[in-house]
2 protein chains.
Amino acid sequence: MTTKQEPQSCKKNSESAGKGVSIDFTEVKAHCQHCDLNPVCHPPGLNTDEMDSLDQWFPTRRRLKRGESLYEIGEAFNAIYAVRSGFFKTVLPSPQQRDQVTGFQMTGEILGMDGIGSGFHACQAVALEVSEVCLMPYGNVEELASNLPNLHAHLNKLMSQRIVHDQSAFKILANLRSESRLAAFLLDLGKRFSTLGYSPNTFVLRMTREEIGSYLGLSLETVSRIFSRFQEDGLVDVQTRHLQITNPEALSEIAAGKNSH
Amino acid sequence: MTTKQEPQSCKKNSESAGKGVSIDFTEVKAHCQHCDLNPVCHPPGLNTDEMDSLDQWFPTRRRLKRGESLYEIGEAFNAIYAVRSGFFKTVLPSPQQRDQVTGFQMTGEILGMDGIGSGFHACQAVALEVSEVCLMPYGNVEELASNLPNLHAHLNKLMSQRIVHDQSAFKILANLRSESRLAAFLLDLGKRFSTLGYSPNTFVLRMTREEIGSYLGLSLETVSRIFSRFQEDGLVDVQTRHLQITNPEALSEIAAGKNSH
DNA sequence: CGGCCCGTTGATTCGTCTCAAAGAGTGTGG
DNA sequence: CCACACTCTTTGAGACGAATCAACGGGCCG
């Protein structure tokens, strides 16, 4: 797995944004044609000139520490983000009940599309580890997309895929019991790691049991118990955050809801 | 509530499509500028000429009987649809478990966006009553959108809003107990009816208890029981499919998860 | 009129949450 | 570098909610 680092130009603007909360974020210039990570930056069928024009419009990166918010709920929507490295969760904060984790985003995935409809972000995005995103001002994206039909079509595809993914997450919540939910969750994570070139069966969980539980509609204790049960049954090997899926086939069966007993 | 009917042009093609399943669908010519129902057909800031061009690209309607499928899962994606009248459900068929209802779509709402990403429909759309849709060939939509930036922006907004709506549905499933789920569902339906000019508190449920249960991740018996409980508590008045919300405030409290006991 | 699907209600079982306590891991400051 | 604090995780016992199994009633259509 080679994570390309582009050469020069690491101008750091370490100034806190003066917004009350002191966020010391870091922005660096990005070069999309040297970065093959993020699907949004690579609509199929673009020539070199068109790739150059992407650079012209999506120039900045931002670095976040663990626990920092990329954007808050209700915040004005200005940009969409491509995760260049690291790991995020999206959260629906809730004063009444516990916060609802609505998704996890890893390298190569997109954040912020929730804001397009209303002009305000409908959730909060929090970094679960040191992370870096490419910031793409949405006005620029739209303008650029009207010149590059491929980019436009590509954006629509990404949003559609998101809708399809949400539908299957919906099905998991509505249909499956706790064991199947967790199994499906682990397999989904593994699949996403594998598209990055990592092993689908060995990875580190960047989120807590509580966050997994929130996402799956389970209590953190239930999540912990099921990890233990999977371990006993020889399906996985869990050392707190370090996970190895030792029997993917059996896990798939459970995820499909075929567990008889 | 005035549902505009445009004058002439009701050419019926009642031919079965010859696909094994005998679907006798009906297509009529549509005139978007005379139809103010569907948001996708009315991007803000279009002049009369541009509205005319919409007519040029989205000319056909299709009529469906109760139980008919607008599209099947796995079917090649060709068009998106705007519901002109009637009521639909989207379903994820499942051989192992019961089918999963992933949403209900009523007049003025969009169907088919799930197919944009992969080129194939990711779910099945079934009419729950006699319904009519406007069929918009997606190739045409894209071509048209590249000429009409407003339409393009509008489509993105619709998809984003869908994502936001899905997120809150997700939260309902993950967080709330059965009573709250059903309360939230009824309020959501009412809200959508009210945007059509109908009362938010009196409407007819077009779906079965089983379908509500599938959508909310509950058994049909539980749905039925909660209706009865709501009735006892004076929150609603249910006569099988005919629903009246008699105490919307209390129902909102329950939907918010504040029910103490 | 009979059949069938849909809806209601009851009794019981099972799964998951809640409450509780203790152990492991991580980071910080002395 | 170790001790301490804090957060995260594990495991247990009990309570509660929803699913399941089952039977019956009602409405709609042929």
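This talk describes three contact regions in one structure: the protein with DNA strand C, chain B with chain A, and the two domains of chain A with each other.

Good morning, colleagues. Please keep in mind throughout that this is a predicted model.

I shall begin with the DNA. Which residues lie closest to DNA strand C? They are A:Ser178, A:Thr222, B:Arg209, B:Arg225 and B:Ser228, out of 17 residues that surround the strand. By class, the surface near DNA strand C holds eight polar, seven charged and two nonpolar residues. If we turn to the strand itself and take its atoms within 4 Å of the protein, 59% belong to sugar or phosphate, and the rest belong to bases.

Three contacts illustrate this surface. On chain B, a polar side-chain atom of B:Ser228 is placed 2.5 Å from a phosphate oxygen of DNA strand C. B:Arg225 addresses a base instead: a polar side-chain atom of this arginine lies 2.8 Å from a base nitrogen of the strand. On chain A, the backbone takes part, with an N or O atom of A:Gly217 at 3.4 Å from a phosphate oxygen. As for the elements involved, α6 of chain A and α6 of chain B, each spanning 220–232, are those that give two or more residues to this surface. The greatest contribution comes from α6(B), with five residues.

I now move to the contact between the two chains. Chain A and chain B each bring 45 residues to it. Together they bury about 3,900 Å², and carbon and sulfur atoms give 59% of that area. On the side of chain B, three residues stand out: B:Ile163, B:Gln167 and B:Phe170 supply 18% of the area that this chain buries against chain A, more than any other three residues.

How many salt bridges are counted between chain B and chain A? The count is zero. Polar contacts, by comparison, are present in 15 residue pairs, both residues being at pLDDT 80 or more. The side of chain B that touches chain A draws at least two residues from each of β6 (87–92), β7 (100–106), α2 (138–147), α3 (149–175) and α5 (209–216). Of these, α3(B) provides the largest share, 18 residues. Sorted by class, this side has 20 nonpolar, 17 polar and eight charged residues.

Finally, let us look within chain A. The chain is divided into domain 1, residues 11–166, and domain 2, residues 176–255. Where they meet, 16 residues of domain 1 are in contact with 17 residues of domain 2. The area buried between them is about 1,400 Å², with 57% given by carbon and sulfur atoms. In domain 1, the residues that lose the most area to domain 2 are A:Arg98, A:Phe104 and A:Met106, which together account for 42% of what that side buries.

Here the count of salt bridges is four. A:Arg98 appears again at this point, as its side chain meets that of A:Glu210 in a salt bridge, at 3.5 Å from N to O. Nine residue pairs in polar contact are also found across this interface, both residues at pLDDT 80 or more. On the domain 1 side, β5 (87–92) and β6 (100–106) of chain A are the elements giving two or more residues, and β6(A) has the largest share, seven residues. That side comprises five nonpolar, six polar and five charged residues.

Thank you for your attention.

Terms used
Residues are numbered from 1 along each chain as its sequence is written. Chains are lettered from A and ligands numbered from 1 in the order in which they are written. This is a predicted model: local features need pLDDT of at least 70, side-chain atom pairs count only at pLDDT 80 or more; totals for chains, interfaces and linings use all residues. Side-chain values use heavy atoms; hydrogens and water are left out. A residue is near a molecule or strand if one of its heavy atoms lies within 4 Å of it. A polar contact is a pair of N or O atoms within 3.5 Å; within protein, one must be able to donate a hydrogen and the other to accept it, and residues adjacent in sequence count only if both atoms are side-chain atoms. Helices (H or I, at least four residues) and strands (E, at least two) are DSSP runs, numbered from the N terminus. Ala, Val, Leu, Ile, Met, Phe, Trp, Tyr, Cys and Pro count as nonpolar, Asp, Glu, Lys and Arg as charged, and the others, Gly among them, as polar. Contact means heavy atoms within 4.5 Å. Buried area is the accessible area (1.4 Å probe) that two parts lose on being put together, summed over both. Domain bounds come from an automatic or database domain assignment.
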